[in-house]
Structure formats: structure tokens, C-alpha cells
Amino acid sequence: SVPGYSPSFKRPPETVRLRRKRSRDHGAAVPASLPEPAPRRAALAAGLPLRPFPTAGGRGGAAATIARRNPFARLDNRPRVSDEASEEPLRGPQGASGPSQRVSLSESDTWSSDGTELPVDWSIKTRLLFTSSQPFSWADHLKAQEEAQGLVQHCRATEVTLPQSIQDPKLSTALRCAFQQALVYWLHPAFSWLPLFPRIGADRKMAAKTSPWSADETLQHALMSDWSVSFTSLYNLLKTKLCPYFYVCSYQFTVLFRAAGLAGSSVITALISPTTRGLREAMRNEGIEFSLPLLEEIGHKKKVRDPSLESEEEQAVSDEDEEESFSWLEEIGVQDQIKKPDVISIKLRKEKHEVQMDHRPESVVLVKGLNTFKLLNFLINCKSLVATSGAQAGLPPTLLSPIAFRGASMQMLKARSSNVKTQALSGYRDKFSLDITGPVMPHALHSMSMLLRSSQRGSFSAGLYAHEPTAVFNVGLSLDKELDRKVAREDLANCGLHPKTLEQLSQRPVLGKSSLRSVEMSDYILSWRS
């Protein structure tokens with residue numbers, strides 16, 4: 001046995017320990033230098049350049065010597081300018097830092113500002129987290145009369161105009177009723193025990209829930225029949241400009257239907273994302289004309305060369321070369337001796353680039369005009385619209401709308417306010433927050449920003465959490481003619497939205513594939529980051 005051996009290596013043997021003799025008394029006399037070893041003296045006598053031998057003072061700290069260089073450090077140990085800049089917390093344009101200003105590297109680090117309005121964002125948010133130096137206690141514990149008045153205002157599409165600043169928000173009945181009004185949305189189908197948004201990637205959350213229709217075909221048929229009636233009702237409201245927009249959320253993709261006059265378009269539009277080659281082929285077979293706006297934008301602008309497009313061009317060139325090689329074989333009379341690829345292989349090779357963009361933002365599909373009615377019939381009769389196995393088997397897609405429709409259920413976004421103590425230079429200060437969760441649609445985001453402008457005296461920040469498959473709905477549209485926005489707003493005056501909200505939604509989208517991530521208002525001036 002080795003002396004001092006420990007099986008668990010808690011106390012290593014003496015041979016492994018590294019001991020350094022240090023002087024306990026720093027005031028004691030220390031020799032100026034240690035005697036140099038014999039090999040070192042021989043090397044110096046031979047004229048070899050060696051580093052200075054460490055002195056005792058260097059070990060004890062009494063004399064200055066050349067410090068040993070770290071072999072793992074870079075040659076230039078000075079911090080670079082970019083490193084210094086990246087270590088500083090990101091700040092908004094007003095220079096105020098906050099929790100919503102810290103972002104990951106994948107997000108944009110630049111802020112944009114356009115005065116008092118945000119750009120239109122057609123993505124569905126799953127959470128809004130507002131923070132402010134002013135309390136949000138006015139949003140808690142609404143009275144029964146205020147809650148009832150807010151619901152009536154929503155159903156009657158009452159236009160509420162608040163002052164620029166409210167001195168005591170907790171005593172403002174108009175503010176609290178308008179807040180209740182902004183939380184309402186409409187849903188179909190509705191089951192209290194089952195979360196119906198989001199649907200993409202929700203199998204794990206829904207796995208433990210009871211689904212009595214999963215093995216009952218009669219019940220599935222009844223659910224699908226009711227869903228078809230509700231879907232048709234929504235489309236009819238949209239066509240008559242009594243509904244501004246609505247969403248169809250299936251377990252594979254999401255569809256956004258927008259009325260004519262919104263997003264800068266003079267006709268009804270529908271965006272589908274993400275899509276697959278099979279879905280697009282099925283739509284072609286049904287006679288539905290559509291476009292791929294992101295691919296068209298890349299092809300037209302050509303500002304940034306897409307490697308996938310280059311590979312597509314190379315593939316097309318290779319296909320042409322292959323056809324030429326076959327014709328050459330026929331000319332020399334040996335075409336029968338060479339095995340050619342079959343038609344199916346050639347077709348799969350040509351469609352390879354189309355499969356590569358499946359389930360990606362680039363696969364977003366745009367349907368316009370009368371083709372949206374064909375899309376309605378296609379979705380109602382599409383067998384793959386409903387899952388046949390898994391936690392969502394037999395469950396129709398979720399319909400989300402800002403207004404009531406046939407078979408819809410009124411739902412409320414969940415709101416919760418809190419306050420925490422944050423450390424500041426002068427001690428601790430209060431930081432107040434308002435957390436809103438649920439399917440937050442574009443009109444609700446704009447309504448909340450208008451409410452907080454008054455209640456928080458023009459100063460707040462917000463973190464916005466988007467349902468990522470819907471972020472691509474902000475893609476720009478290629479329009480045949482310029483839309484008269486004034487006429488469009490007049491036609492949509494009865495759609496149930498506030499005039500200012502309607503004016504914002506009529507703008508052309510500018511965010512592209514991204515969505516709003518952070519918003520900050522300072523002195524009534526809005527800035528945002530996507």
C-alpha cells in the first residue's frame with residue numbers, strides 16, 4: 001500500500017502534492033537570488049540565450065521580475081474595442097437601460113423609431129410583458145360594473161378616447177372598462193380543459209388531456225360539421241368587411257385571412273405558413289392560384305444572393321446538360337446500351353429544391369382575391385387538415401377572431417400585475433410590471449399600447465413574445481395598384497376595430513420575416529426592435 005493512499009482520492013499521496021515554501025515572516029531577510037542550477041550555468045557559458053532566472057524576491061513579492069507568460073493567452077492581451085462595446089448593456093435610443101433592452105445575439109441590436117405609432121405586426125403574440133416606473137394596480141380587481149361595461153363596449157364596438165395622461169389611473173372607470181374591452185377575443189372550438197392555442201407543436205401539452213372524440217368518428221363528424229359552419233361564417237363576415245381578419249390554426253400550419261383594405265391590399269388576401277410540397281401540389285390540383293412572396297422578393301431584388309437559389313440554378317443547368325448528353329448518345333447510336341434514369345428520378349431531382357424549403361419561412365404562400373374562396377372550400381374538404389393520430393387526433397383547427405361569429409366562444413386574455421424592488425445607484429426603487437398571456441392578436445397589441453400611453457404617462461417598455469410560425473405574416477405584398485387608404489378605412493368602419501387601430505392595420509407590412517420583439521415609449525415617443 002502507498003503511504004497516504006485514499007481510494008476516493010480525497011487526500012492524494014505525498015508524491016502528488018505540490019508544496020511551495022513561502023516565507024511566513026515577510027520582514028525577514030531574503031537572499032537576493034537563488035543559486036543557478038549547474039545545467040543553466042553550463043548553457044550560459046556556452047552563450048545560449050536564456051530567460052532570467054526567477055529570484056526569491058519574485059516568489060515572495062519583494063522584488064520586481066518578469067512575469068511568466070500564460071501560454072494559453074492570445075498574443076495581444078489588450079481588450080479589443082468590439083469586445084468592450086459588446087460587454088456594455090444595450091440601451092434604447094433614450095439611453096435608458098431596462099430588462100426589455102437585453103437581447104440575444106440573434107436579435108437586432110438597433111432601435112427604430114417612427115414617432116408615436118408602431119409598425120403593423122401580423123404575428124400572434126403569446127405573451128406581452130410591460131414594465132414601467134408607474135404602477136399597474138389599476139388593472140387589478142375590476143368591479144362587476146366595470147367588467148360588464150367593458151364586455152358591452154366590446155360587443156357594440158364602442159370607440160373609447162382617453163386623455164393623453166391620467167393622473168390617477170386607479171380611479172379612472174373609463175380606463176378600466178377600456179382595458180377589459182381590449183382583453184376580449186373569440187374562439188372556436190372551445191373546451192375549458194384543453195388549450196387550443198398554439199396548435200403547432202402542442203402535442204406534448206395536450207397529451208395528458210382528455211379527448212373523447214379521438215376514437216369516436218360520430219363525434220369527430222359533429223365537431224367538423226360545426227367547425228365548417230363557423231369557418232364559413234367568418235369568411236362571409238370578412239367578405240362583407242364586417243370582420244377585419246381571422247386566423248385558422250391547425251396542427252401543421254396557420255392561415256391568416258385579411259379583408260380587402262388591410263395590409264395595403266385592395267382584395268382579400270390569405271397567407272399560409274409553413275407549407276409543404278404536398279400541400280402546395282394539392283392546392284394546384286384544386287385550381288388555387290398562389291405565389292411564394294419571399295422567393296419572389298429574393299428573385300426580384302437580388303440584393304442578397306441566396307445559396308439555395310444558386311443551387312437551384314446549378315441544378316437546372318445540370319438537368320439541361322443531362323438532356324444534351326442523352327441526345328448525343330442517340331446521335332452515335334448507343335442510347336440503348338446506356339441505362340437512363342427513369343422519369344420519376346428526374347422529377348424528384350427537379351423538385352428537390354422545392355422540398356428543401358418545406359416547413360421554413362420561405363415556404364409561406366399568398367392567395368389573393370377570388371382564390372381565397374377556393375381556399376375556403378379546399379380547407380373544409382382537406383382530409384390532412386385534422387390529425388388522424390396523436391394528442392390532436394380528430395380535433396378541428398382553432399379559429400381566432402377579434403369579433404364574434406357563429407359558434408364562437410368569448411374568451412379573455414389573462415392579465416397579472418406585480419411589482420419588485422430593483423437595485424439602483426441611490427438604493428432600491430420600485431419596478432412595476434403587467435404580464436398578459438394568451439393569443440394576442442394585432443388589434444389587441446395596438447389597443448394595449450394606446451391604453452398604456454395614457455395610464456403610464458407616456459413611459460413604458462415591453463417584451464413581446466411571438467408565435468414563431470406566424471412571424472412571416474409580416475412579409476410585404478406585391479400589389480397591382482396603390483390602395484386608397486382613406487376609402488378603405490371608410491369601407492371597414494363597421495368591422496369592430498378602433499379607427500386608429502384600423503388605420504395602423506391598413507399599412508403595408510415592413511417587418512418582413514421578423515416580428516416586434518421589444519418596444520419602448522419615452523416621453524410619448526415610441527421605438528422598437530424586431
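## Exercises on a predicted model

Asp-523 sits in the loop between β13 (518-522) and β14 (525-529). The model is predicted. The exercises start from this residue.

**Exercise 1. Describe the backbone and the exposure of Asp-523.**

Solution.
- Step 1. Look at phi. Asp-523 has a positive phi of about 55°, although it is not a glycine.
- Step 2. Compare with the usual case. Most residues other than glycine have a negative phi.
- Step 3. Check the surface. The relative accessibility of Asp-523 is 60%. Exposed means over 50%, so Asp-523 counts as exposed.

**Exercise 2. Which loop holds Arg-457, and is Arg-457 buried, partly exposed or exposed?**

Solution.
- Step 1. Place the residue. Arg-457 lies in the loop between α14 (442-455) and β12 (459-466).
- Step 2. Read phi. Arg-457 is not a glycine, yet its phi is positive, about 60°.
- Step 3. Read the accessibility. At 35%, Arg-457 counts as partly exposed.

**Exercise 3. Find the cis peptide bonds that lead into Pro-189 and Pro-198, and place both prolines.**

Solution.
- Step 1. Recall the norm. Most peptide bonds are trans.
- Step 2. Take His-188 to Pro-189. This peptide bond is cis, with omega near -10°.
- Step 3. Take Phe-197 to Pro-198. This bond is cis too, with omega near -5°.
- Step 4. Locate them. Pro-189 is in the loop between β3 (184-188) and α6 (203-206). Pro-198 lies in the loop between β3 and α6 as well.

**Exercise 4. Work out how α7 packs on α13, and with which residues.**

Solution.
- Step 1. Choose the descriptors. Two packed helices are described by the angle between their axes and the distance between the axes.
- Step 2. Read them off. Helix α7 (residues 217-239) and helix α13 (residues 371-381) pack at an angle of about 170°, and their axes are 11 Å apart.
- Step 3. Classify the angle. Over 145 degrees counts as roughly antiparallel, so α7 is roughly antiparallel to α13.
- Step 4. List the α7 side. It comprises Met-224, Trp-227, Ser-228, Phe-231, Thr-232 and Tyr-235.
- Step 5. List the α13 side. These α7 residues meet Thr-372, Phe-373, Leu-376, Leu-379 and Ile-380.
- Step 6. Sort by class. The contact has eight nonpolar residues, three polar and no charged ones.
- Step 7. Relate the spacing to the helix. An α-helix has 3.6 residues a turn, so residues three or four places apart point the same way.

**Exercise 5. Which residues of α13 are buried, and what do they pack against?**

Solution.
- Step 1. Pick out the buried residues. In α13 they are Asn-371, Thr-372, Leu-375, Leu-376, Phe-378 and Leu-379.
- Step 2. Name the partners. The buried residues of α13 pack against α7, β5 (254-258), β6 (269-273), α8 and β7 (365-368).
- Step 3. Look at one partner strand. Lys-368 is in β7 and is partly exposed at 27% relative accessible area.
- Step 4. Check a distance. The C-alpha atoms of Lys-368 and Ala-270 are separated by 6.4 Å, though the two residues are 98 apart along the chain.

**Exercise 6. Contrast Lys-374 with Arg-280 in exposure and in polar pairing.**

Solution.
- Step 1. Place Lys-374. It belongs to helix α13 and is partly exposed, with a relative accessible area of 40%.
- Step 2. Find its distant partners. Beyond its neighbours within four places in sequence, Lys-374 contacts Gly-287 and Ile-288.
- Step 3. Follow the side chain. The Lys-374 side chain reaches the backbone oxygen of Gly-287 at 3.3 Å.
- Step 4. Turn to Arg-280. It is found in helix α8 (residues 277-285) and is buried, with a relative accessible area of 0%.
- Step 5. Find its pairing. The side chains of Arg-280 and Thr-275 are joined by a polar contact of 2.8 Å.

**Exercise 7. What surrounds Gln-392?**

Solution.
- Step 1. Place the residue. Gln-392 is in the loop between α13 and β8 (398-401).
- Step 2. Judge the burial. Buried means under 20%, so Gln-392 at 2% relative accessibility counts as buried.
- Step 3. List the contacts. Leaving out residues up to four places away in sequence, Gln-392 touches Arg-199, Ala-202, Asp-203, Met-206, Tyr-251 and Ala-387.
- Step 4. Single out the polar one. A polar contact of 2.8 Å joins the side chains of Gln-392 and Asp-203.

Methods:
Residues numbered from 1 in each chain as written. Predicted model: local features only at pLDDT ≥ 70, side-chain atom pairs only at ≥ 80, totals over all residues. Heavy atoms only, no water. Axes fitted to C-alpha atoms, helices over the stretch in contact; angles between N-to-C directions. Helix = DSSP H or I, 4+ residues; strand = E, 2+ residues; numbered from the N terminus. Parallel < 35°, antiparallel > 145°, perpendicular 65-115°, else oblique. Contact = heavy atoms within 4.5 Å. Nonpolar A, V, L, I, M, F, W, Y, C, P; charged D, E, K, R; others polar. Buried < 20%, exposed > 50% of the residue type's maximum accessible area, 1.4 Å probe, protein only. Polar contact = N/O pair within 3.5 Å; in protein donor to acceptor, adjacent residues only side chain to side chain.
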